[in-house]
Every structure is written in structure tokens, then in C-alpha cells.
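Trainee: I should like to learn how to read the features of a model such as this one. May we go through them in turn?

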Amino acid sequence: MNVSIGDRWKTVIAEAVESGNYSSPEDVVTEAMRLFAHRHEEYMELKASIAEALADPQYVTEEE
């Protein structure tokens with residue numbers, strides 16, 4: 001898959017590689033995607049938890 005990114009992100013990636021913390025632009029993007037996947041998973045779990053709580057009147061009152 002090829003993805004185009006803006007100049008801002010190109011600079012961020014280049015600086016990360018130049019700092020020595022990453023060996024290639026691919027490593028920077030891989031780490032970014034790993035972090036995104038983790039946050040997305042947490043978001044989806046929270047969303048499911050909220051839906052479950054709202055569907056169970058025992059835990060949610062009209063005032064809440």
C-alpha cells in the first residue's frame with residue numbers, strides 16, 4: 001500500500017530517523033501505526049462498554 005503524507009509528517013519522520021531513535025522511515029510509520037492500533041482498540045472497548053451500560057437499565061437511571 002502506498003500512502004501520501006503531508007510535508008509536516010515528512011519532517012517529523014525525517015527528524016525521528018535523524019535523531020537515531022529509528023533506523024528508517026518505515027520504522028517510524030510502523031511505530032505510529034502500532035500506537036494508533038492500540039488507541040483504536042482501547043476506544044472500541046470503551047465504546048462497547050458504554051453501549052453495554054446504556055443497554056442495561058439496572059446500571060443507568062433516567063437521571064444519569
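Mentor: Let us begin with a single side chain. Arg34 has a relative accessible area of 47%, so it counts as partly exposed. Please keep in mind that this is a predicted model.

Trainee: Why does 47% make Arg34 partly exposed?

Mentor: The class of partly exposed residues lies between the buried ones, under 20%, and the exposed ones, over 50%. Arg34, with its 47%, is therefore partly exposed.

Trainee: Which side chain does Arg34 meet in a salt bridge?

Mentor: A salt bridge requires a side-chain nitrogen of Lys or Arg within 4 Å of a carboxyl oxygen of Asp or Glu. Here the partner of Arg34 is Glu31, with an N to O distance of 2.8 Å. The count by this rule is 1 salt bridge.

Trainee: How are Arg34 and Glu31 placed in helix H2?

Mentor: They are 3 residues apart in helix H2, so about one helical turn separates them. Glu31 is also partly exposed, at 25% relative accessibility.

Trainee: Let us turn to pockets. What is the volume of the largest pocket?

Mentor: A pocket is an open set of grid points, whereas a cavity is one from which the probe cannot get out. The largest pocket here has a volume of about 280 Å³. H1 and helix H2 (25–55) are the elements that give two or more residues to its lining. H2 gives the most, with 4 residues.

Trainee: What is the character of the lining of the largest pocket: nonpolar, polar or charged?

Mentor: The lining divides into 10 nonpolar residues, 1 polar and no charged. Among the lining residues are Asn2, Ile13, Val28, Val29, Ala32 and Met33.

Trainee: Which residues make the nonpolar surface patch?

Mentor: A residue needs over 30% relative accessible area to enter a patch. Met1, Val3, Ile5, Trp9 and Val12 make a nonpolar one of about 580 Å². These residues also appear in the lining of the largest pocket, which includes Met1, Val3, Ile5, Trp9 and Val12. Trp9 is located in helix H1, residues 7–18, and is partly exposed with a relative accessible area of 44%.

Trainee: How far apart in space are Lys47 and Ala32?

Mentor: Separation along the sequence and separation in space are read together. Lys47 and Ala32 are 15 residues apart in sequence and 22 Å apart in space, C-alpha to C-alpha. Lys47 is found in helix H2 and counts as partly exposed, at 46% relative accessibility.

How values were computed. Residues are numbered from 1 along each chain as its sequence is written. This is a predicted model: local features need pLDDT of at least 70, side-chain atom pairs count only at pLDDT 80 or more; totals for chains, interfaces and linings use all residues. Side-chain values use heavy atoms; hydrogens and water are left out. Patches are made of residues with over 30% relative accessible area and no salt bridge: like charges are joined within 9 Å, nonpolar side chains (Val, Leu, Ile, Met, Phe, Trp, Tyr) within 5 Å. Accessible areas come from the Shrake-Rupley method with a 1.4 Å probe; for residues, only the protein chains shown count as cover. Buried means under 20% relative accessible area, exposed over 50%, partly exposed in between (1.4 Å probe, protein chains only). On a 1 Å grid over the protein atoms alone, a cavity is a set of points where a 1.4 Å probe fits but cannot get out, and a pocket is an open set with protein on both sides within 12 Å along at least five of seven lines; lining residues have an atom within 4 Å of a point. Grid points are joined across faces, edges and corners, and a volume is the space filled by probe spheres set on the points. Ala, Val, Leu, Ile, Met, Phe, Trp, Tyr, Cys and Pro count as nonpolar, Asp, Glu, Lys and Arg as charged, and the others, Gly among them, as polar.
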